[in-house]
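User: I am new to reading protein models. Please take me through one, feature by feature.

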Amino acid sequence: MANKRIALYPGSFDPITNGHLDLIGRGSRLFDRLIVAILRNESKQALFSVPERIEMLEEVSRGFHNVEVASFNGLLVDYASEAGAGVLLRGIRAVSDYEYELQMALMNRRLRPAIETVFLMSSEAHSFISSRLVKEIIGLGGNISGLVPPSVENKLRERLLGEKR
Ligand code: PNS
């Protein structure tokens, strides 16, 4: 449907955190459809495979009726056009995210001017969470409850600490 606002929320999601989930919830209220898209990047060493990340994302976003999960290869703007998305959604946690996000947004605009990047500021409760830190902390025996959804915490424990649930 041409007049439906479709947004694409791209990322690595290795794994999804409560910060990502907050953005998904807010994005789902702003747009008619929200496609959460995982980059299939063979060169980047990931803890979870793309199918595992899809499964985790689908599980935690099941409550949002207009959210779907996908994966993509190649240029983000090409995939967004294919998917019919006119908006790229990204979150900004702190000033440190800004430069990287600005560069990507301007480059994506240069590549495909019709597609807009929309930024949402992370809620203060999530502004310090990153997938990288969550993996580091749990791997070193720290407590990550409240930082990722419980099902994701179980998967992390299983993968990094060998705990079977
Ligand atoms: O969660 P991340 O790792 O910060 O997400 C980065 C992502 C996936 C948005 C970015 O790497 C990307 O869009 N990659 C696809 C390839 C592409 O289009 N590159 C040019 C971006 S200007």
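User: Which helix gives the largest share of the shell around the ligand?

Analyst: Bear in mind that this is a predicted model. A residue joins the shell when one of its heavy atoms lies within 4 Å of the ligand. Here helix 4, residues 95–111, gives the largest share, with four residues. In total, 13 residues surround the ligand. The closest are Gly 11, Ser 12, Lys 44, Leu 76 and Arg 90.

User: How many residues of each class are in that shell?

Analyst: Seven are nonpolar, four are polar and two are charged.

User: Which polar contacts does the ligand make, and how do I spot one?

Analyst: Look for a pair of N or O atoms within 3.5 Å. Start with Ser 12: an N or O atom in its side chain is 2.6 Å from a ligand oxygen. Leu 76 uses its backbone instead, with a polar atom there 2.8 Å from an oxygen of the ligand. Arg 90 brings a polar side-chain atom to 3.1 Å from a ligand oxygen.

User: How much of the ligand's accessible area does the protein cover?

Analyst: On its own, the ligand has 550 Å² of accessible area, and the protein covers 76% of that. As for the site, the ligand sits in the largest pocket.

User: How many salt bridges are there?

Analyst: First, the idea. Side chains of opposite charge can pair when their charged atoms come close. With a cut-off of 4 Å, the count is 11 salt bridges. One of them joins Asp 22 and Arg 26, whose closest N and O atoms are 3.0 Å apart.

User: Why are Asp 22 and Arg 26 separated by about one helical turn?

Analyst: Because they are four residues apart in helix 1, which spans residues 18–30.

User: What should I look for in the backbone?

Analyst: Look for exceptions. Most residues other than glycine have a negative phi, and most peptide bonds are trans. Phe 13 has a positive phi, near 50°. A cis peptide bond joins Asp 14 and Pro 15, with omega about 0°.

User: Where is Phe 13, and where is Pro 15?

Analyst: Phe 13 is in the loop between strand 1 and helix 1. Pro 15 is in the loop between strand 1, residues 6–11, and helix 1.

Technical notes:
Residues numbered from 1 in each chain as written. Predicted model: local features only at pLDDT ≥ 70, side-chain atom pairs only at ≥ 80, totals over all residues. Heavy atoms only, no water. Polar contact = N/O pair within 3.5 Å; in protein donor to acceptor, adjacent residues only side chain to side chain. Areas by Shrake-Rupley, 256 points an atom, 1.4 Å probe, with all protein chains shown as cover. 1 Å grid on protein atoms, 1.4 Å probe; cavity = no way out; pocket = protein on both sides within 12 Å on 5 of 7 lines; lining within 4 Å. Sits in = over half its atoms within 2 Å of the grid points. Helix = DSSP H or I, 4+ residues; strand = E, 2+ residues; numbered from the N terminus. Nonpolar A, V, L, I, M, F, W, Y, C, P; charged D, E, K, R; others polar. Salt bridge = Lys/Arg side-chain N within 4 Å of Asp/Glu carboxyl O.
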